[in-house]
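Walk me through how the ligand is held in this structure, and describe the spaces inside the protein. Please go from the individual contacts outwards.

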Amino acid sequence: MSAVHLPVLTREMLDLLSPREGGTYIDATVGLGGHSEALLKTVGINGRVIGIDRDEEALKKTEERLQDSRLSLIKGKFSDMEDLLHDRGIHEADGVLFDLGVSMMQLKETDRGFSFISSETLDMRMDRSQGLSARDVVNRYSEKDLVRVLKEYGEEYRALRVARAITNYRDKKSIDTGEELADIVLRALGRRGRTHPATKTFQALRIEVNREIEELRLGLQSALRLLTTGGRFCVISYHSLEDRVVKNFIRDNARNAVLRPLVKKPLTPERQELRENPSSRSAKMRGAEKL
Ligand SMILES: C[S@@+](CC[C@H](N)C(=O)[O-])C[C@H]1O[C@@H](n2cnc3c(N)ncnc32)[C@H](O)[C@@H]1O
């Protein structure tokens, strides 16, 4: 099954970055290229967009879809952004965009193993050439480490109960699929409300597998070093852990007069966008300008 990804908060992203003609813009999470496409429309014939993604499949699709000589696509992690760009002779940028998390393509294509209705192998690696998968985490981590991951990245207050259910199950049989894991968590926690009880567990595993928080911290520092004076970055995040990292990064650098925040409160999708794209509902965007 192939899924499209509707870019989120596109107009707001353009307002915050306010791209200039002839500028160099980095889309640190190019995905299926929705935001890059919008940026390309604003940077004029001499502008350029560099799209980075750690997911080879997303890059291939974007390359086919947006054939534009002003767009360069690079496979890699955004924490390595400076090296990736320096290798191509690029030493500064006028704007950097991060649209965090996973794309619809990654979530919906069942063989990527992100979903809890998937009977495919539990995987969750954005970069499939990387070693550690979600299956490794649930089958190999100690109970103590599982508790840490579930608490820290899933904010799951019943982490011990979930971790114990996982270790008890795998004593008999390895946990192989998303469906299997979702069922283990459901049996351990029971169902309350509309959200599946395994939602937090799946979020935690995804963050652990892809080192998402560490990536974000390093990515923000790299972006700051690459930006020209007056250059801007913006970040679209989808859960409170990410948003907190971004908020603190901007606050700390504003205190040191390195950044000027562009919004007081994070921007969120307007009613029309929510109607057209319900999966945008958790999106929050913050941005800052380098002084
Ligand atoms: C929400 S999607 C981006 C969608 C994109 N803005 C669009 O309009 O199609 C996030 C993308 O970021 C990529 N990604 C997440 N963390 C990354 C990282 N640390 N380095 C590089 N790419 C990353 C994922 O592989 C995914 O394709």
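In this predicted model, an oxygen atom of the ligand lies 3.0 Å from a backbone N or O atom of Leu32. A polar backbone atom of Gly34 is likewise placed 3.0 Å from an oxygen atom of the ligand. With Arg54, the ligand partner is a nitrogen atom, which is 3.2 Å from a polar backbone atom of that residue. Taken alone, the ligand exposes 600 Å², and 99% of that area is buried by the protein.

The shell around the ligand is made up of 24 residues, and the closest of them are His35, Asp53, Asp99, Gln106 and Glu215. By residue class, this shell divides into ten polar, eight nonpolar and six charged residues.

Where in the protein does the ligand sit? The ligand occupies the largest cavity. The structure holds one cavity of 30 Å³ or more, and the largest cavity contains about 370 Å³ of space. Its lining consists of 31 residues, with Thr29, Asp53, Asp99, Leu100 and Gly101 the closest to the centre. Asp53 and Asp99 are thus named both among the residues closest to the ligand and among those closest to the centre of the largest cavity.

Three elements each supply at least two residues of the lining of the largest cavity: helix H2 (34–40), strand S2 (48–53) and helix H11 (212–226). Of the elements, H11 gives the most to this lining, with three residues. The lining of the largest cavity divides into twelve nonpolar, ten polar and nine charged residues.

Next comes the open space. The largest pocket has a volume of about 1,500 Å³. It is lined by 42 residues, and those nearest its centre are Leu107, Phe116, Thr199, Arg206 and Arg281. Helix H5 (104–108), helix H10 (199–210) and helix H12 (240–255) are the elements that give two or more residues to the lining of the largest pocket. H10 accounts for the largest share of that lining, with five residues. By class, the lining of the largest pocket divides into 16 nonpolar, 16 polar and ten charged residues.

To return to the ligand: it sits in the largest cavity, with polar backbone atoms of Gly34 and Arg54 at the distances given above, and the protein buries 99% of the area that the ligand exposes when taken alone.

How values were computed
Residues are numbered from 1 along each chain as its sequence is written. This is a predicted model: local features need pLDDT of at least 70, side-chain atom pairs count only at pLDDT 80 or more; totals for chains, interfaces and linings use all residues. Side-chain values use heavy atoms; hydrogens and water are left out. A residue is near a molecule or strand if one of its heavy atoms lies within 4 Å of it. A polar contact is a pair of N or O atoms within 3.5 Å; within protein, one must be able to donate a hydrogen and the other to accept it, and residues adjacent in sequence count only if both atoms are side-chain atoms. Accessible areas come from the Shrake-Rupley method with a 1.4 Å probe; for residues, only the protein chains shown count as cover. On a 1 Å grid over the protein atoms alone, a cavity is a set of points where a 1.4 Å probe fits but cannot get out, and a pocket is an open set with protein on both sides within 12 Å along at least five of seven lines; lining residues have an atom within 4 Å of a point. A molecule sits in a cavity or pocket if more than half of its atoms lie within 2 Å of its grid points. Ala, Val, Leu, Ile, Met, Phe, Trp, Tyr, Cys and Pro count as nonpolar, Asp, Glu, Lys and Arg as charged, and the others, Gly among them, as polar. Grid points are joined across faces, edges and corners, and a volume is the space filled by probe spheres set on the points. Helices (H or I, at least four residues) and strands (E, at least two) are DSSP runs, numbered from the N terminus.
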